[in-house]
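Thanks for coming, everyone. Let me walk you through one structure, stop by stop. Please have it open in front of you.

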Amino acid sequence: VQRAAHHGEKSALTWAKGIVGNMARPPKGNDRKQLEGAALGACDIAIANSYYFGAWVTSDQPEIIDMSKKLGVFFPNQNERGAHMNISGAGITKHSKNTAEAVQLLEYLSSSDGQDFYANINHEYPVNPSANVSELVKSWGHPIKEDSIAVEQLGKNNPLAIKLFDRADWK
């Protein structure tokens with residue numbers, strides 16, 4: 001999605017074909033399965049959300065911790081536009097019966113204290129710049145350069161990205 005927005009459709013298709021051409025196997029499973037594949041040598045790299053890696057590093061299962069020691073975190077495009085960052089959103093439904101309480105919850109979750117708590121237990125970069133970054137997350141690189149593309153562009157370019165990956169023979 002970002003490639004198309006930043007560099008155009010032709011560049012995005014070339015990039016998508018490169019991704020598909022370099023796959024060790026057809027994609028299968030979730031983020032954890034991708035990490036497992038890399039840790040067990042099925043591939044050299046895996047694309048996964050970094051918080052799943054954090055869950056592995058802090059796991060209470062020795063075999064998961066052992067696999068995590070074979071992996072590291074890499075954020076692409078740090079010398080260019082920055083890395084894609086997933087966002088989590090929250091809202092209040094139109095017919096909510098507890099609107100005041102819902103607003104309080106959202107205000108807490110987005111506050112420094114709420115972000116300190118949530119980002120630390122979930123191994124994520126906090127969205128609130130006043131919040132603390134956990135030592136584990138700092139060890140992956142902090143600060144990281146984030147792609148500044150507007151969220152609206154992601155939605156606008158998503159159908160194109162799907163079409164381009166179809167043309168690139170993504171399975």
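**A walk through the model**

Our start is Ser134, which sits in the loop between α7 and α8, the helix of residues 135-139. One thing first: this is a predicted model. Now, is Ser134 buried or exposed? Its relative accessible area is 11%. The cut-off for buried is under 20%. So Ser134 counts as buried. Its side chain has a partner, too. That side chain reaches the backbone nitrogen of Val137, at 3.2 Å.

Step into α8 itself. Glu135 and Lys138 form a salt bridge through their side chains, 3.4 Å from N to O. Both residues lie in α8. They are 3 residues apart, about one turn of the helix. How do they compare with the cut-offs? Exposed means over 50%, and partly exposed lies between that and buried. Glu135 has 59% relative accessibility, so Glu135 is exposed. Lys138 has 39%, so Lys138 is partly exposed.

A word on the idea behind that pair. Side chains of opposite charge can pair when their charged atoms come close.

How many salt bridges does the count come to? The count is 4. Let me show you two others.

Go to helix α3. Lys33 pairs with Glu36 there, and their closest N and O atoms are 3.5 Å apart. Again the spacing is 3 residues, about one turn of the helix. Lys33 is partly exposed at 41%. Glu36 is partly exposed as well, at 26%.

Now for a bridge with a long reach in sequence. Which residue does Arg167 meet in a salt bridge? The partner is Glu9, at 3.3 Å from N to O. Arg167 is in helix α9, residues 151-167, while Glu9 is in helix α2, residues 9-21. The pair therefore ties together parts that are 158 residues apart in sequence. Arg167 is partly exposed, with a relative accessible area of 48%. Glu9 is partly exposed at 42%.

Back to α3 for a moment. Look at its N-terminal end. Asn30 caps that end, with a side-chain oxygen 3.2 Å from the backbone nitrogen of Arg32. After the helix comes Gly41, with a positive phi near 90°. Which residues of α3 are buried? They are Asp31, Gln34, Leu35, Gly37, Ala38 and Ala39. The cover over these buried residues includes α4 and α5.

That brings us inside. The largest nonpolar core has 14 residues. Among those with the most contacts inside this core are Leu35, Trp56 and Val137. You have met Val137 already: its backbone nitrogen is the one Ser134 reaches. Helices α3 (31-39), α4 (50-57) and α5 each supply at least two residues of the core. Which helix gives the largest share? That is α4, with 3 residues.

Take Trp56 as a sample. Setting aside neighbours within four places in sequence, its contacts include Arg32, Leu35, Glu36 and Ala39. Ile64, Ile65 and Met67 are also among them. There is a second, separate core as well. This one has 7 residues, including Leu13, Ala16, Val20 and Leu164.

Next, a loop. Ala83 lies between α5 (62-68) and α6 (99-110). Its relative accessible area is 2%, so Ala83 is buried. What does Ala83 touch, beyond residues up to four places away in sequence? The list is Phe75, Pro76, Asn77, Gln78, Lys145, Glu146 and Asp147.

Now out to the surface. Leu105, Tyr108, Leu109, Phe117, Tyr118 and Ile121 make a nonpolar patch there, with about 580 Å² of accessible area together. The elements giving two or more residues to the patch are α6 and α7 (112-122). Tyr108 is in α6, and at 39% relative accessibility Tyr108 counts as partly exposed.

Last stop: Gln115, in helix α7. Is Gln115 buried or exposed? At 10% relative accessibility, Gln115 is buried. Its side chain reaches the backbone oxygen of Leu109, at 2.8 Å. Beyond its neighbours within four places in sequence, Gln115 is in contact with residues including Tyr108, Leu109 and Asn128. Two of those names, Tyr108 and Leu109, belong to the patch we just saw.

That's my tour. Thank you.

How values were computed: Residues are numbered from 1 along each chain as its sequence is written. This is a predicted model: local features need pLDDT of at least 70, side-chain atom pairs count only at pLDDT 80 or more; totals for chains, interfaces and linings use all residues. Side-chain values use heavy atoms; hydrogens and water are left out. Helices (H or I, at least four residues) and strands (E, at least two) are DSSP runs, numbered from the N terminus. Buried means under 20% relative accessible area, exposed over 50%, partly exposed in between (1.4 Å probe, protein chains only). Contact means heavy atoms within 4.5 Å. Patches are made of residues with over 30% relative accessible area and no salt bridge: like charges are joined within 9 Å, nonpolar side chains (Val, Leu, Ile, Met, Phe, Trp, Tyr) within 5 Å. Accessible areas come from the Shrake-Rupley method with a 1.4 Å probe; for residues, only the protein chains shown count as cover. A polar contact is a pair of N or O atoms within 3.5 Å; within protein, one must be able to donate a hydrogen and the other to accept it, and residues adjacent in sequence count only if both atoms are side-chain atoms. A nonpolar core is a set of buried Ala, Val, Leu, Ile, Met, Phe, Trp, Tyr and Cys residues joined through side-chain atoms within 4.5 Å.
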